[in-house]
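Thank you all for making time this morning. I would like to walk through one model with you, beginning with the chain as a whole and then turning to one part of it.

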Amino acid sequence: MHSLGFEAIGTQWTLSTAEPLDAPTQAAVAELVEGYDRTYSRFRSDSTVARMAEGAGSFELPASAAPLLELFDTLHRLTRGAVNPLVGRSLEVLGYDAGYSFRASGAPSPAADWTDTVSWSAGRSVVEVRTTAPVTLDIGAAGKGQLVDLVSAVLESAGHREYVVDAGSDLRHAGGTALRVALEYPYDAARAVGVLSVRNRSLCASAVNRRQWGDGLHHVLDARTGAPVQAVAATWTLAADTRTADGLATALFFAEPRELAAEFEFDYVRMFTDGRADYSPAMAGVLFT
């Protein structure tokens, strides 16, 4: 396999393809990633999300925002508000802000209500988002997964049929040979809790040891309270697309798998902070004993 590595949206990317990527395809990927970051990053002052934090109003997002917002609408409903893309303000209060201060400025603060504060409608080429107050949008629960899917679409448009798009271990696989992936032990990155095979699906993970900046402070917050979650340590999900796998990896911190399975097809492993784990039937045998 040929590999192309680069850093984007705060993580390391690797594109592995059976055939080398030509210059136009590499340029198309770079343009796509830059445009996505310029729209959604809450860490840069020139993004659309930065303008949304300055005041209420109407904002245009690319057409690809529609499936992302639909997913957030559904996860917000199924988790009873725990998954909420307005959690960005809660993260800022605890120190995960645009300046990476990593210093809490107050007690945990609930996110603004998603359905009361934001509405959106999809047109042919843009999505219009309307807000009733300044908001700090954070699409981290599913955005990286969507970008993996969008990059995969660029590769497929260029004729690639065997590839792995890996964005910091959230990945999409295509091809005839399965990819074996170790599931990182959340309390020791040098160890694994199991190994699974991925073929023509997407795998995403979320864990409390990632983006951790203080005692009990990490990036997985319950938007209803603004506090970091405590009961679940890590999740891994397999789904047909990466956007869905990414969103469900976050939702499993707050909802029972059977509740999510009522509207999504996926497989999962979920590890709790007390060492217990549960998993879907297809994942039996994945975990080491």
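How many helices and strands are there in the chain? There are eight helices and 17 strands, and I should say at the outset that this is a predicted model, so please take each value that follows as computed from that prediction.

Let me start with overall dimensions. For 289 residues a compact globule would have a radius of gyration near 19 Å, and because the chain comes out at 18 Å, the two agree. Along the principal axes, the C-alpha atoms fill a box of roughly 50 × 50 × 35 Å. Among contacts with a separation of 6 or more, 61% are between residues 24 or more positions apart.

Turning to the surface, 50% of the 289 residues count as buried, while the chain exposes about 13,200 Å², of which carbon and sulfur atoms supply 49%. As for charge, there are 24 positive and 35 negative charges, and their mean positions lie 2 Å apart.

The part I would like to dwell on is strand E15, residues 232–239, where eight of the eight residues are buried. Which strands pair with E15? One of them is strand E10, residues 202–207, which runs antiparallel to E15 and is joined to it by six bridges; within that pairing, Ser-206 has Thr-235 of E15 as its bridge partner. Another is strand E16, residues 267–272, again antiparallel to E15 and again over six bridges, and here Trp-236 stands opposite Val-269 in E16.

Conventions:
Residues numbered from 1 in each chain as written. Predicted model: local features only at pLDDT ≥ 70, side-chain atom pairs only at ≥ 80, totals over all residues. Heavy atoms only, no water. Helix = DSSP H or I, 4+ residues; strand = E, 2+ residues; numbered from the N terminus. Rg over C-alpha atoms; globule rule 2.2 N^0.38 Å. Buried < 20%, exposed > 50% of the residue type's maximum accessible area, 1.4 Å probe, protein only. Contact = heavy atoms within 4.5 Å. Areas by Shrake-Rupley, 256 points an atom, 1.4 Å probe, with all protein chains shown as cover. Lys, Arg positive; Asp, Glu negative; His and termini not counted. Charge placed at Lys NZ, Arg CZ, Asp CG, Glu CD. Pairing = 2+ DSSP bridges.
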